[in-house]
Amino acid sequence: MNFLKEKYNCWTKNARNGENLFFAGFIIYLFWDIMRTTMFPHSGAVFNMCLAFAVLILATKIFLFDIYTLKLFVSVAAMFILSIIVLLKSGYFWPFLWILIIVAAKDVPFRKILRIYLLMNITIMGLAFIASLMGIIENLAYTNQDWDNLRYSFGCVYTTDFAAHIFFIILTVFYLYQDRLRWYHYIGTCGVAGFIYYYCFAKLDTICILLMVLFFGIYHILQLQSSKESVTVPGIKKDNHKIFVFKRTKLYLKSKRFWMGLALVSMPVLSALIYILSNSYQQDNEFLATINETITGRLELGKKGLDDYGISLFGQDVPMVGFGGATTLEEEYFFIDSSYLNILLRYGILFLVMVFIIYGVICYRYKKDTVLMLSVVLLAISCFIDHHMMEAAYNPLTYALLAKTGDIMLKNDKCSLKIYFQN
C-alpha cells in the first residue's frame with residue numbers, strides 16, 4: 001500500500017503528467033468539436049461519450065496537478081460558479097465546458113496548445129476539403145441574391161464555417177511563426193482571401209484575413225526598420241551611459257503601446273456598438289438599414305432577439321435556427337451571429353462581462369507580446385459578426401489566460417532598442 005502511495009505521489013509531482021492529461025482531454029474534445037463542423041458522418045451518442053470522457057480527464061488534471069494562490073482560487077471558483085448558474089438558468093452546458101478547458105490549461109505551454117490546435121484543424125479541414133471535392137462527402141452549394149455564383153462549403157456544414165476555420169488557422173500560423181513570415185506569405189494570404197470571397201462569399205472572413213495581412217505586415221515592417229537602427233558601441237561600460245532612441249524605434253515602440261491599448265478596449269467597445277446598433281434598428285432609418293443590408297440582416301435579427309427575449313443576468317434558453325448541414329430550412333431562420341449578442345442573450349450580461357475580464361487579463365499579462373495583441377484585435381473584429389468566440393474548434397486564444405507563458409513574450413522582438421555613449 002505504501003508502495004502504491006509513493007508511486008502516486010511521484011506521478012502527481014511530475015508536471016509533465018498533468019500536461020499529458022490536459023492534452024488527452026483537449027484532443028478528444030477538439031477532434032469531435034471540429035468534426036461536428038464538417039459533413040463527415042458522426043454519432044451524437046459517441047460524441048456525448050467522448051465529451052464526458054474529456055470532461056473527466058480535464059477535471060482530473062485540475063484536481064491532481066494544479067496549485068492555486070488564494071486570489072487565483074477565488075477567481076477560478078467564481079468562474080465555475082457563474083458557468084454553473086448559467087447552466088441551471090439557460091440549460092446551456094457550453095459555458096461550463098469553455099471555463100473547464102481554460103482552467104485546465106493552467107501551466108501548459110501556450111504555444112504547444114496552439115500547435116496541437118493547428119495540427120488538428122489543418123488535418124481535419126484538409127481531409128474535409130479533399131473529400132468534398134472528390135464527392136466522398138457533400139460539398140454544400142448555396143445561392144445568394146447578392147452573389148451570382150454558388151457559395152460552397154467545401155466539406156463544412158456551411159460556407160461561413162469553412163471561411164472561419166481558414167481565418168483562425170491563418171491567425172494561429174501568423175501568431176506562431178510571425179518572425180518567419182516573408183512578403184510572399186502575405187501575398188499568398190491575400191490569394192486565400194480572394195478564394196474565400198469568390199467561392200464562399202464570406203465577406204467578414206475575407207475582410208478579417210486582409211486586415212490580418214495589413215496589421216501584421218505594418219508591424220513587421222516597423223520591427224525590421226527599428227532593428228536596422230540598432231547600433232552597438234564596443235568598449236562602453238554599462239554602468240555609465242546615456243540612452244538615445246531613434247525616430248523609427250520610437251514609432252515602433254508607440255505602435256506596441258497602441259496595439260496593447262486597442263486590444264484591451266476592442267471587445268467592450270465593439271460589443272457596445274453592436275448592441276446599440278441592433279437595439280436602435282428600424283427599417284425606416286436609412287443609415288441603419290444600409291448597415292443592416294451590408295452585414296446581411298444581422299441588425300434586424302439582433303433587434304428581434306433583444307425584443308423577444310430581452311437581457312438577463314444569468315442567461316436564458318434562446319432557440320436559434322440557422323443554416324448548416326443542408327441547403328434548405330424546415331423552420332424560419334433566426335440566428336444571432338454576433339458573439340457579443342449571442343453570449344448576452346443566451347448566457348447573460350454577467351457572463352459577457354466575465355468574458356471581457358478574461359481577455360482584459362490576457363491583454364495585461366501579455367502586454368509585451370504585440371503579436372498576440374494584434375490577434376486579439378482581429379478576434380474582436382471577427383466576433384462583431386461571427387459567433388465563434390467560445391468554440392474550441394475555432395478560437396484558441398482564450399487558453400492564454402492561465403497557460404504557461406514561457407519565452408513567448410518577446411520571442412519575436414529581437415531588435416536592440418538602445419545606443420550607449422560614455423559620459
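The following paragraphs describe the fold, one helix pair, the nonpolar core and several buried residues of a predicted model.

Residues are numbered from 1 along each chain as its sequence is written, and side-chain values use heavy atoms, with hydrogens and water left out. Because the model is predicted, local features were required to have pLDDT of at least 70 and side-chain atom pairs pLDDT 80 or more, whereas totals for chains, interfaces and linings use all residues.

The chain contains 15 helices and four strands, where helices (H or I, at least four residues) and strands (E, at least two) are DSSP runs numbered from the N terminus. Of its 423 residues, 51% are buried; buried denotes under 20% relative accessible area, exposed over 50%, and partly exposed the range in between, with a 1.4 Å probe and protein chains only. About 21000 Å² of the chain is exposed, and carbon and sulfur atoms supply 64% of this area, as computed by the Shrake-Rupley method with a 1.4 Å probe, only the protein chains shown counting as cover for residues. Contacts, defined by heavy atoms within 4.5 Å, often span long sequence separations: among those between residues at least 6 apart in sequence, 77% join residues at least 24 apart.

Two packed helices are described by the angle between their axes and the distance between the axes. Helix α6 (residues 110-133) packs against helix α7 (residues 159-176) at an angle of about 145°, and the two axes are 10 Å apart. Axes here are lines fitted to C-alpha atoms, for helices over the stretch in contact, and angles run from 0 to 180 degrees between N-to-C directions. The crossing of α6 and α7 is left-handed, meaning that the near helix is turned anticlockwise from the far one by less than a right angle. On the α6 side the contact includes Phe 110, Leu 114, Leu 118, Ile 122, Met 125 and Phe 129, and on the α7 side it includes Phe 162, Phe 168, Ile 169, Val 173 and Leu 176. By class, 13 nonpolar, three polar and two charged residues form the contact of α6 with α7; Ala, Val, Leu, Ile, Met, Phe, Trp, Tyr, Cys and Pro count as nonpolar, Asp, Glu, Lys and Arg as charged, and the others, Gly among them, as polar.

The largest nonpolar core comprises 136 residues, and those with the most contacts inside it are Phe 22, Tyr 340, Phe 351 and Leu 372. The largest share of this core, 12 residues, comes from α7. Such a core is a set of buried Ala, Val, Leu, Ile, Met, Phe, Trp, Tyr and Cys residues joined through side-chain atoms within 4.5 Å. Not counting residues up to four places away in sequence, Phe 22 touches Leu 58, Lys 61, Ile 101, Ala 104, Ala 105, Val 108 and Ile 113. The last of these, Ile 113, lies in helix α6 and is buried, with a relative accessible area of 0%. Its C-alpha atom is separated by 9.8 Å from that of Ile 27, 86 residues apart along the chain. With neighbours within four places in sequence left aside, the contacts of Ile 113 include Phe 22, Phe 23, Phe 26, Tyr 399 and Ala 403.

Two phenylalanines in loops have positive phi values. Phe 154, in the loop between β2 (147-152) and α7, has a phi near 50° and is buried, with a relative accessible area of 5%. Phe 154 and Ala 128 are 26 residues apart in sequence and 7.0 Å apart in space, C-alpha to C-alpha. Beyond neighbours within four places in sequence, Phe 154 contacts residues including Ala 128, Phe 129, Phe 162, Phe 195 and Tyr 199. Phe 201, in the loop between α8 (183-200) and α9 (203-228), likewise has a phi near 50° and is buried, at a relative accessible area of 8%.

Polar residues are also found among the buried positions. Thr 398, in the loop between α15 (370-383) and β4 (419-421), is buried, with a relative accessible area of 1%. The C-alpha atoms of Thr 398 and Ile 101 are separated by 9.4 Å, although 297 residues apart along the chain. Asn 292, in helix α11 (residues 286-294), is buried, with a relative accessible area of 7%.
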